[in-house]
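Hi,

Here is the structure I promised to pass on. Have a look at it first, then read my notes underneath.

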Amino acid sequence: MPILEGKSVVKYFGGLVAAAYVDFHVDQGEIVGLIGPNGAGKTTLFDLISGSLAPTSGSIEFKGEDITGLKPHEICRRGIARTFQLVKLFGNMTVLENVLFGSLFGESITSARSAAEKASSELLEFVGLSGMNRVLAKELSLANQKRLEIARAMATKAELLLLDEVMAGLNPAEVDKAVDLVKEIRHKGITVFMIEHVMKAIMGISDRIMVLHFGTKIAEGTPDEIARDKKVIEVYLGLEAHAES
Amino acid sequence: MRSARSPFSIRSARMVLPILVLILLGTAPLYASLYTLISLSNVFMYIVLTVSWAVFSGPSRYISLASAAFFGIGIYVSAILGNVLPFPMVVFIGGLLSFLVALFVGLSSLRLRGMYFTIFTFGLSELIRHSVHWWEVNMTGTVGRWVVAVDQKIVYYAMLIIVMMTVFVAYTMSRSRLGFALRGIGESEDAADHMGVNVNAVKIITFAVSTFFMGTAGAVMATRWTYIDPSIAFNPLFSFMPVLMAIFGGIAQIVGQIIGATALTVLADLLLTKFPYYYMLSYGVILVAVILFLPGGLMALQATMKSWHERSFVK
């Protein structure tokens, strides 16, 4: 049963098409990967889902409810939270305040501050940032900033997380930890839709992968199917990846 | 020195000092000269303008240059209704009208970000000034208006009450959910939006609330000037000074904003009376020096001096 479903979603930027009749769906409890070359329209698709952008046409449904064209804060309160390709933290706030922010404003039911603080501390521990509550967000390393963004998104009690390249710029050890974190997030019953360029990671954890190219969906399937797909190899994975697999 | 640094005495000093200052200010009309009272009312006016400006522009980082517009609205309310309604009513209406105009302006302008918002607010202020001027010339026939005078002690107490209300609201706001949301907007508006904050509503409400106090201050101060015209009421200096004063004192804390407003007002007073020929020159030099060498304002004096010391030590 799909938790998120998009039907022939179209987005034009002037004459440029960033999403061309894209149909997609994410099932409850799944980890779905979204890959494609630079400029394929991956982040645009996330922007359309999270409400940063309104689609030119088409519809997006979350839990059976039409969310097309809603504002980001409305979509967040319905249960979709995201991270950003270029980290957008509240740099001059502490780590704890960042998560608290998501908890205080993002939940559909407003919780008391003390409860929110406790939940936020627990989330920080969950993503591996315990003991850093009082550090300013801008002082964290990139890997930790990405973890903080995930914690902040989770603090909104989201049922669906949109993770935009959370592994980009991380070293191999950090990537492994990030992969573990995503698995644990799914363990908590949260559905994950993620954009990633780190092939090893995305192939390893995704239940299903969608490939975008010039705003069009060119393939969809299990990681194995995608790795063998001729069109995908041609436009994205290249010969190297083909040789590896 | 050790005992002065203990947390207990710092905490008690923090409690006692504001109360002492309030008692002093509250009883000032009993013993202070009329000149002192007038100077203090002037200081109060700039405190209200600065603190209320910083309620919105501080955390959100939307630099508004429209303070003069809302201050001027209060002034005109006072000029028009001063001999019709009782003084407290006039002051309240001055604030209310500013609030309503700010709501309307907010709805149309807060989609603008950064420099565009700043320029828009400045343009708005000028537009109101010229519109009022046009109206007075073409409809009323005279450019200026008389304002019913009010006793200086009443002006003084009215301004003191408005200062207290402004500081109270600014303090409460800074610790509230609304203030937290506004800080988030200042840090990253996109992120705040995606974390469930209705960013436009938060911006418009806080902006409008902050202008309420500017309007009341205008309504009170107008009675002191007795004659006003559009270039007095909507003087762009009322837009620029709060920004300067907040930066001068330290924009991040209310205490800093109050210190900045007080210091610059007193400084201007002193320079104007003692060195009338070099007033603007010396005022400008001091402003430039503070902004260059104390990026955090007067509040950061200690920290800045410490970092200078450390730098020279390392060398």
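**What I found**

Let's start with chain B: the centres of its domain 1 and domain 2, taken over C-alpha atoms, are separated by 26 Å. Before you read too much into any of this, keep in mind that the model is predicted. As for where those domains lie, the domain assignment of chain B puts domain 1 at 1-31 and domain 2 at 33-314.

Next, the place where the two chains meet. Chain A brings 19 residues to the contact, and chain B brings 15 residues. Which elements give two or more residues to the side of chain B that touches chain A? They are helix 8 (177-187) and helix 9 (189-194) of chain B. Helix 8 of chain B gives the largest share of that side, with six residues. If you sort the side of chain B that touches chain A by class, you get five nonpolar, five polar and five charged residues.

Now over to chain A, where there's a sheet to look at. It is an open sheet of six strands in the order 6-7-8-3-9-10, with mixed pairing. Why is one side of strand 6 (80-82) and of strand 10 (216-221) of chain A left without a neighbour in the sheet? Those two strands stand at the edges and each has a single partner strand, so there is no neighbour on the other side. From one strand to the next, the twist averages 20°.

Within that sheet, try finding strand 3 (residues 31-35) and strand 9 (residues 208-213) of chain A: they run parallel and are joined by four bridges. A:Val32 stands opposite A:Arg208, which is in strand 9 of chain A.

Cheers

Definitions and conventions: Residues numbered from 1 in each chain as written. Chains lettered and ligands numbered in written order. Predicted model: local features only at pLDDT ≥ 70, side-chain atom pairs only at ≥ 80, totals over all residues. Contact = placed C-beta atoms within 7 Å. Nonpolar A, V, L, I, M, F, W, Y, C, P; charged D, E, K, R; others polar. Pairing = 2+ DSSP bridges. Axes fitted to C-alpha atoms, helices over the stretch in contact; angles between N-to-C directions. Domains from an automatic or database assignment.
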